[in-house]
Amino acid sequence: MKELNDSKWYDVEFVPKDYVFSKEYGPRNLDSPVCDSIPVIDLSKANGHITPGEAIMSASQDFGFFQVINHGIPEKKVGDAMSVLKEFFDMPSKEKQTKGWIYTNSTDYAKDGVHLWRENLKHPCHPVEDCIRLWPENPTRYQEVISAYLVEIQKLSLRILGMICEGLGLKDGYFEDMSEVQLLSSNIYPPCPDPNLTLGILPHQDPSLITLLYQGDSTGLQVMKDGEWVNVGAIPNAFVVNIGNQLEIISNGRLKSIKHRVVNSTRETRLSIATFVNPSPDCIIEPAKVLVNEMEPSRYTPKQYKEYVQYNNAFGNHTVAIQNALRSEN
């Protein structure tokens, strides 16, 4: 379905059949209770005798997901980023087509010819000074706002990875040379006439070290826990952090990369910003040597990150385009 004049593809009374996913994806459970067992970690202080680093390690081992508050990123920078991305998605589709970044709307096929109920923007982020020329030029403040946001994300990601490094018993700075905020992916999920039929994002695991997600005050993110989909609550000014496949490999399986998805809502529009902290393309990903011994042999075969991405088609239909963009900037 294409836009006609000022109409939008999602301004419909019923869900078109090419947006309807089969029952194999299970109930959407959007109105089920929020899972309150996914940890919320205050980075500014200890919780009793448990330090933030210890809490992060426990959450990474048990859930693969946690939220952080009092993280040090100014609310204004987060608000500006959300605002400029909303402006981008509000522009007509014809103004959002260009080279260097990837914009997809409802014409993007997800699986078996079925569309996702969302619009998406992706672009490379590292190094910012080189990648910025590949970003949208409109809205005019986009590049300035997003580059300032990414500076803060880089600092927070290194802080979290530093705590994980210590918790795993790795040498200080283990992740500093290999971790890059390589990719930004922003999604907007419009209201849907029947969310029980659609999906915003298919169930997946992230091909990152860690992913930092800002979702504002909107729900819709679900994680697989004990064989069931549970909702992740929306906490003001919090970042959702999840363990990616690469960190699970480096930890030799101690930390868990968990399946997650996004479901739609009949009432609210969900806007989110995901930033993927990845290894550099040529980096060899394997279990850290200090975590491998006779009692705990290596569970994974060493592989270059770019080979892993290609072999697993980690970014779906856009894997090749994203790899090419990242390769050109490294």
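The following legends describe close-up views of charged side chains in a predicted model.

**View 1. The salt bridge between arginine 141 and glutamate 87.** The closest N and O atoms of this pair are 2.7 Å apart. Because arginine 141 lies in the loop between helix H3 (128-131) and H4, and glutamate 87 in helix H2 (residues 75-90), the salt bridge ties together parts that are 54 residues apart in sequence. Arginine 141 is partly exposed, at a relative accessible area of 28%; glutamate 87 is likewise partly exposed, at 33%.

**View 2. The salt bridge between lysine 306 and aspartate 282.** Here the closest N and O atoms are 2.7 Å apart. Lysine 306 belongs to helix H6 (residues 305-311) and aspartate 282 to the loop between strand E14 (270-279) and strand E15 (284-285), so the pair ties together parts that are 24 residues apart in sequence. Lysine 306 is partly exposed, with a relative accessible area of 28%.

**View 3. A salt-bridge network of Lys77, Glu152 and Lys155.** These residues are joined through salt bridges that share partners. Within the network, the side chains of glutamate 152 and lysine 155 meet at 3.5 Å, N to O. Both residues lie in helix H4, three residues apart, which is about one turn of the helix. Glutamate 152 counts as buried because its relative accessibility is 8%, under the 20% cut-off. In total, the model contains nine salt bridges.

**View 4. A negative surface patch.** The patch is formed by Glu54, Glu166, Asp172, Glu176 and Asp177. Aspartate 172 is located in the loop between helix H4 (142-168) and strand E7 (179-189). With a relative accessible area of 80%, aspartate 172 is exposed.

Notes
Residues numbered from 1 in each chain as written. Predicted model: local features only at pLDDT ≥ 70, side-chain atom pairs only at ≥ 80, totals over all residues. Heavy atoms only, no water. Patch = residues over 30% accessible without salt bridge, like charges linked within 9 Å, V, L, I, M, F, W, Y side chains within 5 Å. Areas by Shrake-Rupley, 256 points an atom, 1.4 Å probe, with all protein chains shown as cover. Salt bridge = Lys/Arg side-chain N within 4 Å of Asp/Glu carboxyl O. Lys, Arg positive; Asp, Glu negative; His and termini not counted. Charge placed at Lys NZ, Arg CZ, Asp CG, Glu CD. Helix = DSSP H or I, 4+ residues; strand = E, 2+ residues; numbered from the N terminus. Buried < 20%, exposed > 50% of the residue type's maximum accessible area, 1.4 Å probe, protein only.
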